[in-house]
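Grab a pencil and work through these two exercises with the structure open beside you. Try each task on your own before you read the solution.

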Amino acid sequence: MRIAVIGQVARDLVLVVPEVPGEGGSATVSERREVLGGKGANIARDAVQLGASVVLLGVVGDDREGRLLVEALAADGVATGAVAQRTGTRTALVVDVVCEGRYRYLEDIPEATLVTPADVAAASAELAAADAVVIQLQQPAGTALAAARAATGLVVLDGVPGGEVDALLARADVLRADHTEAEQLTGRSIDGARDALAAGRELLARGPSVVALEVPGEANALVWEGGSAVVPLTGEHVVDTTGGGDAFVAALTVALVRGDDPEEAGKLATAASGRAVDHPGGRTDLTGLAR
């Protein structure tokens with residue numbers, strides 16, 4: 001099974017605090033982690049842990065942090081030949097401030113660390129050879145559309161497009177969105193499973209074959225031609241939701257590529273997401289989950 005992932009590579013600094021200070025205040029950090037992060041890197045690593053062969057198309061800076069992140073990706077089993085080290089820019093940094101199970105992000109994402117259509121063209125052989133191409137939609141719309149056009153396998157969209165919405169949805173096989181993204185795409189409020197299923201059916205009519213939407217705090221709703229399912233969350237104590245959506249996308253993609261039906265794929269993806277939220281930061285261990 002070969003999967004290509006297009007998305008962000010970043011250095012993640014995770015800080016756990018008992019409270020978020022107000023203006024002029026301070027808080028003691030109770031736990032600190034510095035890890036490989038970014039949604040693209042997270043999805044790629046998670047898919048490797050689930051048994052896939054994965055190539056990541058992303059960008060880092062030409063600094064020490066960028067070199068270390070590429071080494072970390074390789075150590076995690078991700079093919080890094082399509083990770084560009086961009087001259088003259090710094091590597092993206094995300095500070096994840098975690099308090100009472102909720103995150104607050106401080107992001108330094110230089111524009112030069114976004115994947116370009118030229119990067120996609122340079123990796124066209126890898127995209128064409130993949131059984132699935134996961135496109136993390138933090139990337140520019142032109143990049144996402146170029147990647148969808150280059151794919152010959154399953155096209156998986158993660159998030160909400162910043163442009164070219166109809167064109168991207170028309171080329172998608174799978175769409176995953178959290179409830180905020182789903183509301184943006186459909187213009188409807190998602191306050192429960194019934195709303196999510198209705199939104200999913202609306203999105204299904206715009207191109208994808210499978211739509212998976214978050215029902216916040218409750219479940220994941222999946223809709224496909226001829227069927228639907230609501231998969232309850234697994235009940236882990238939530239420490240930090242960072243990485244939960246990334247684990248979901250990785251597991252959903254792996255399961256669909258290997259031939260699972262959408263409901264079973266949704267169950268595996270929900271279990272993977274549960275593993276991601278019981279610790280600070282987005283680095284998750286999904287080893288053995290796909291058996």
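**Exercise 1: a sheet and its edges**

Task: Find out in which sense strand β6 and β7 pair, and over how many bridges. Then work out which strands stand at the edges of the sheet, and why one side of each is left without a neighbour.

Solution:
- Start with the pair. In this predicted model, β6 covers residues 92–99 and runs antiparallel to β7, with 7 bridges joining the two.
- Zoom in on one bridge: Val 97 has Arg 104 in β7 as its partner.
- Now step back to the whole sheet. It's an open one with 4 strands, ordered β3-β2-β6-β7, and the pairing is mixed.
- Look at the ends of that order. β3 (31–37) and β7 (102–108) each have a single partner strand, so one side of each has no neighbour in the sheet.
- One last detail: on average, neighbouring strands here are turned by 20° against each other, ignoring direction.

**Exercise 2: two helices crossing**

Task: Decide how α1 lies relative to α9, and which residues meet where they touch.

Solution:
- First get the geometry. The axes of helix α1 (residues 39–49) and helix α9 (residues 244–257) come within 8 Å, crossing at roughly 45°.
- Next, classify that angle: it makes α1 oblique to α9.
- Then check the handedness, which is right-handed for α1 passing α9.
- Now list who meets whom. From α1 come Lys 39, Asn 42, Ile 43, Asp 46 and Ala 47; from α9 come Asp 246, Ala 247, Val 249, Ala 250 and Val 254.
- Finally, sort the contact by class: 6 residues are nonpolar, 1 is polar and 3 are charged.

Key
Residues numbered from 1 in each chain as written. Predicted model: local features only at pLDDT ≥ 70, side-chain atom pairs only at ≥ 80, totals over all residues. Heavy atoms only, no water. Pairing = 2+ DSSP bridges. Axes fitted to C-alpha atoms, helices over the stretch in contact; angles between N-to-C directions. Parallel < 35°, antiparallel > 145°, perpendicular 65-115°, else oblique. Left-handed = near helix turned anticlockwise from the far one by under 90°. Contact = heavy atoms within 4.5 Å. Nonpolar A, V, L, I, M, F, W, Y, C, P; charged D, E, K, R; others polar.
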